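Good morning, and thank you for joining this group meeting. I will take the structure in short steps, beginning with one helix and ending at the surface.

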Amino acid sequence: MVDKFPETYVSLLPEVADFLAKPIMPYINGEYVATLSGQTFDTLDPSTGRYLASIGRCMLDDANAAVQAARRAFDEGDWWQKMSAADRSKCIWRLAELIEVHADIIAQLDSLDNGKPLHTARTVDVPLSADHLYYYAGWPTKIEGSTIPVSPQNMFNYTLREPVGVVGLISPWNYPLLMATWKFAPALAAGNCIIVKPAEQTPLSALYIAKLTAEAGFPPGVFNVLPGYGEEAGAALVTHDGVDKIGFTGSTEVAQKIVQGSVGNLKRVSLELGGKAPNIVFADADLEAAAIGSTWAIFGNNGQSCTAGSRLYIERSVFEQVLDGLEQATKRIKVGPGMSQEKYNLGPVISDEHLKRVMGYVDEGLAQGAQVITGGQRMSGDLKEGYFVEPTILINVADQQRIAREEIFGPVVCAMPFDHVNEIIQRANDTDFGLAAGLWTKDLSKAHKLAKALRAGTIWINTWGNTEASSPFGGYKQSGYGREMGKEAIDLYTEVKSVWIKTD
Ligand code: NAD
């Protein structure tokens with residue numbers, strides 16, 4: 001197994017080599033089971049484009065089996081009806097602990113599958129996933145209803161907050177374990193039984209942690225993982241009458257299909273989608289901090305973040321100065337294979353298809369008059385087999401061009417000057433998206449004015465990219481429905497029941 005990886009890679013942990021050695025099957029009703037069609041698909045290493053592992057390709061019949069298992073676990077009460085809230089809490093806490101115990105293994109799996117640097121997976125993705133579970137482990141014992149002071153004196157009215165039921169959780173490839181955890185931690189805390197459908201590009205970590213759920217004490221059927229393609233495994237969950245809710249993170253385009261596909265049983269749908277976040281640097285900001293912060297606002301995770309600060313607006317009087325700081329910081333970014341023994345800041349983009357998409361945007365921008373400050377090319381030499389793109393800064397971009405309006409989801413930033421506060425509010429909000437926005441200023445009044453005026457679910461001021469399990473996260477406009485994290489995610493995965501009792 002190991003010889004298919006370049007010699008420059010760190011050694012695979014034996015557990016990782018073992019896990020990748022055989023086809024990895026869906027996890028249904030507490031065990032790995034063969035797909036009913038016997039079909040598999042390959043997941044690739046984006047740093048080399050080479051085969052990594054063979055994965056069970058789930059289709060409708062497998063989705064039926066997973067839904068049946070989750071339905072039984074929910075309806076017959078193993079998780080929600082029979083277990084106490086305190087015991088559910090302990091299971092979730094134990095899963096967090098097990099993720100920490102297996103952190104080195106999971107980090108290698110995410111690094112191999114996604115291409116991100118191993119140290120990033122090990123110090124960011126995996127610990128944040130465990131933290132998310134620790135936070136939500138506290139919730140089962142705190143999900144409360146209310147008593148309502150209704151008018152008739154002989155009536156007592158109260159509310160119960162109950163799980164939605166069987167929930168399909170469809171996740172993307174950019175932070176493979178973390179994005180799935182953002183969904184399954186609150187869904188489980190609220191008492192739902194779940195089916196995780198990881199992205200076909202990065203199914204490994206979700207499939208690996210499935211077995212940890214048994215060790216953590218989850219009854220069979222509570223936590224299922226259904227790997228496969230979106231149009232097959234994903235769509236089967238979306239249209240299934242036995243699924244009560246879909247939690248989705250991914251592109252706006254697929255979200256529209258999910259909304260359409262969900263109408264059969266009017267299942268609940270929550271959506272965390274894309275963005276084209278405006279990042280605004282005012283002349284009165286700490287310009288050095290703004291230049292460094294703006295570099296990582298876009299190039300963090302290779303621009304493959306829904307919150308990437310891909311529209312960089314710089315006040316005209318400091319445009320050259322900030323651009324220069326951005327260029328210097330960008331040129332210091334080291335790009336290479338995620339599993340390399342050498343420490344890189346960024347890996348490849350996720351796939352050949354995505355690389356072509358990203359380069360297509362760059363080429364179109366250049367053809368329309370944009371100018372490259374740095375980057376602009378696919379990387380060659382030792383990196384030519386993988387999907388590596390140079391971190392790219394473009395200027396001379398007009399607001400109406402596609403590169404300034406559409407989500408590129410790669411390491412490409414458009415830097416554009418502006419002159420006035422009111423102008424920049426209007427330009428920043430002139431987008432179909434509304435996930436995140438940010439600004440750099442020392443002027444408190446300006447900061448508050450923009451925090452209110454910008455139409456986005458998260459606003460960062462003199463910082464970028466902060467998220468935490470306790471703080472709600474989600475989008476305005478076409479960036480989604482609902483809020484994940486914090487108490488809001490508990491609301492997202494529960495129904496409210498109103499109970500009336502006649503007291504005389
Ligand atoms: P994608 O929409 O292509 O795929 C996401 C998931 O949906 C995958 O698991 C895929 O298999 C599945 N899918 C595809 N077609 C489907 C269908 N017809 N029915 C059901 N499921 C289907 O997105 P991606 O390329 O994996 O991820 C990138 C996108 O995710 C970007 O737009 C990014 O902004 C967004 N994203 C948003 C957030 C957020 O929290 N708002 C976080 C991360 C990524």
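Let me begin with R71 and D75, which are four residues apart in helix α2 (residues 60–75) and are therefore separated by about one helical turn. The model shown here is predicted. Across that turn, the side chains of R71 and D75 form a salt bridge, with an N to O distance of 2.9 Å. D75 has 45% relative accessibility and so counts as partly exposed.

The second pair lies in helix α3. K90 and D87 are three residues apart in this helix, so about one helical turn separates them. Their salt bridge has its closest N and O atoms 3.7 Å apart. How accessible are the two partners? K90 is partly exposed at 45% relative accessibility, and D87 is partly exposed at 33%.

The third pair is of another kind. D419 and R316 meet through their side chains in a salt bridge of 2.9 Å, N to O. D419 sits in the loop between β16 and α14 (421–429), and R316 sits in the loop between β13 (311–315) and α11 (319–331), so this pair ties together parts that are 103 residues apart in sequence. D419 is partly exposed, its relative accessible area being 36%. R316 is likewise partly exposed, at 46% relative accessibility. Returning to R71 and D75, these residues are joined with D244 into one network by salt bridges that share partners. How many salt bridges are there by the rule applied here? The count comes to 25.

I turn now to the strands, beginning with β15 (residues 392–395). In a regular strand, side chains alternate between the two faces of the sheet. In β15, T392 and L394 point one way, while I393 and I395 point the other way. Are these residues buried or exposed? All of them are buried; the cut-off for that term is under 20% relative accessible area.

Which strands pair with β15? Strand β14 (residues 371–374) runs antiparallel to β15, and three bridges join the two. In this pairing, Q371 has I395 of β15 as its bridge partner. Strand β16 (residues 412–418) pairs with β15 in the parallel sense, also over three bridges. Here the bridge partner of T392 is V412, in β16.

A further sheet deserves a separate word. It is an open sheet of three strands, in the order β5-β6-β20, with antiparallel pairing. β5 (147–148) and β20 (494–502) stand at its edges; each has a single partner strand, and therefore one side of each is left without a neighbour in the sheet. Two bridges join β5 to the antiparallel strand β6 (residues 155–163). Within that pairing, T147 stands opposite Y158 in β6.

Finally, the surface. Which residues form the negative surface patch? They are E97, E100, D131 and E468. Of these, E100 belongs to helix α3 (residues 85–101), the helix that also holds K90 and D87. With a relative accessible area of 41%, E100 is partly exposed. Patch members must have over 30% relative accessible area, so in this respect E100 qualifies, at 41%.

To close, I would leave you with three items. The salt bridge of D419 and R316 links parts 103 residues apart in sequence. Strand β15 pairs antiparallel with β14 and parallel with β16. The negative patch includes E100, which is placed in helix α3.

Methods: Residues numbered from 1 in each chain as written. Predicted model: local features only at pLDDT ≥ 70, side-chain atom pairs only at ≥ 80, totals over all residues. Heavy atoms only, no water. Patch = residues over 30% accessible without salt bridge, like charges linked within 9 Å, V, L, I, M, F, W, Y side chains within 5 Å. Areas by Shrake-Rupley, 256 points an atom, 1.4 Å probe, with all protein chains shown as cover. Salt bridge = Lys/Arg side-chain N within 4 Å of Asp/Glu carboxyl O. Lys, Arg positive; Asp, Glu negative; His and termini not counted. Charge placed at Lys NZ, Arg CZ, Asp CG, Glu CD. Buried < 20%, exposed > 50% of the residue type's maximum accessible area, 1.4 Å probe, protein only. Pairing = 2+ DSSP bridges.
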